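Welcome! Please open the structure shown below and keep it beside you while you work through these exercises.

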Amino acid sequence: MKVRFELAFHALAPGVRVIAPWRNPEFYNRFKGRSDLLDYASQKGIPVTSTKSKPWSMDENLAHCSYEAGILEDPDTTPPSDMWKLTVDPLKAPDQPERFTIEFTKGIPTKLEYTDENGKPKTATDPVDLFTTANAIARCHGVGRIDIVENRFVGIQSRGCYETPGLTCLRSAHIDLEGLTLDREVKALRDQFVTFNYGRILYNGLYFSPEREFLHQSILASQENVTGKVRCQVYKGMFGVEGRSAEGSKLYDVSESSMDELGDFDPSETGGFITVQAIRLKKHGSMKKETGESM
């Protein structure tokens, strides 16, 4: 986190001088760990959320809350149930699923249709309202918890627990809609090159960099046709899709996909396609046979 902040400072204010106490020997020799810091906070009357009985750190924002350090540093220790603050324990979530619909415009969620606690249909379109509504729905049903060991930018491994309720639903619905609206070759190139590198750039704190700007334009281009609706369900920690639609997309054709009618698809035309695809496989099989190797 500290690396990310400083890299952003240097990009936004190139002449800035960063004073970082955590790199000062006087600081890190006095405060050798979280316990020393908690003692200091107690002595000075500084309010903090961590305690010696619950020594993990928490970073919360609109999208999620992360937990690390303390007893979580043992990757085989189960997080205590009272650690999680954003989501209901999935085992204690409602026994009935909740359904809602998310509408996307060029890849951006623009509408969320749901039913409130009184059974009345509601719609959220303001970006913040939409996001907080998704959070509220997912939190109630325990959606969005993960517990992982990750590779830090500085070269060490670290265990972290995360709660990302609403964004889990929005991202999962978005990925599902791409299956209906995104050309397969565009998706393949995006996932093989853009997705991995964009994630790495963000994780390493290089948001304000030329490479991020370059990849960002590719993401925008990939989302031109990702417009439609996804009908969703949440239930006891799980997110599921019950249906999706995209009126403007021409990629999915019911008659071509049907097993009950031919549509514009002519099966006889596949013969040449299969023959060409099989050329190298025949050669590979023949070579294996001559050398006595099993396939």
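Two strands pair if DSSP finds at least two bridges between them. Helices (H or I, at least four residues) and strands (E, at least two) are DSSP runs, numbered from the N terminus. This is a predicted model, in which local features need pLDDT of at least 70 and side-chain atom pairs count only at pLDDT 80 or more, while totals for chains, interfaces and linings use all residues. Residues are numbered from 1 along each chain as its sequence is written, and side-chain values use heavy atoms, with hydrogens and water left out.

**Exercise 1.** Find out how many bridges join strand β1 to strand β2.

Solution. Start with β1 at residues 57-60, then go to β2 at residues 65-68. The two strands run antiparallel, and 4 bridges join them. For one such pairing, look at Ser57, whose bridge partner in β2 is Glu68. Finally, look at the link: β1 and β2 form a hairpin, with 4 residues between them.

**Exercise 2.** Work out which parts of the chain are tied together by the salt bridge between Glu6 and Arg23.

Solution. A salt bridge is a side-chain nitrogen of Lys or Arg within 4 Å of a carboxyl oxygen of Asp or Glu. The structure holds 15 of them. In one, the side chains of Glu6 and Arg23 meet at 2.6 Å, N to O. Glu6 belongs to helix α1 and Arg23 to the loop between α1 and α2 (25-30), so the pair ties together parts that are 17 residues apart in sequence.

Next, check the exposure. Buried means under 20% relative accessible area, exposed over 50%, and partly exposed in between (1.4 Å probe, protein chains only). Glu6 is buried because its relative accessible area is 11%, whereas Arg23, with 43%, is partly exposed.

**Exercise 3.** Find which strands are tied together by Arg99 and Glu242.

Solution. First take the distance: the closest N and O atoms of this salt bridge are 3.0 Å apart. Arg99 lies in strand β3 (residues 98-105) and Glu242 in strand β9 (residues 238-245), so the parts they tie together are 143 residues apart in sequence. Arg99 counts as partly exposed because its relative accessibility is 46%, and Glu242 counts as partly exposed at 32%.

**Exercise 4.** Trace the salt-bridge network around Glu178 and Arg190.

Solution. Begin with the salt bridge between the side chains of Glu178 and Arg190 (2.8 Å, N to O). This pair links helix α5 (residues 165-181), home of Glu178, to helix α6 (residues 184-203), home of Arg190, with 12 residues separating the two. Both Glu178 and Arg190 are buried. Salt bridges that share partners then join Glu178, Lys187, Arg190 and Asp191 into one network.

Now step over to Gln223, in the loop between α7 (210-222) and β8 (228-235). Contact means heavy atoms within 4.5 Å. Not counting residues up to four places away in sequence, Gln223 touches Lys106, Gly107, His174, Glu178 and Arg190. Gln223 counts as buried because its relative accessibility is 7%.

**Exercise 5.** Describe the surroundings of Phe153: which residues is Phe153 in contact with, leaving aside neighbours within four places in sequence?

Solution. Locate Phe153 in the loop between β6 (145-151) and β7 (157-163). Phe153 is partly exposed because its relative accessibility is 44%. The residues in contact with Phe153 are Val3, Tyr203 and Asn204, once neighbours within four places are left aside. The C-alpha atoms of Phe153 and Tyr203 are separated by 7.6 Å, although the two residues are 50 residues apart along the chain.
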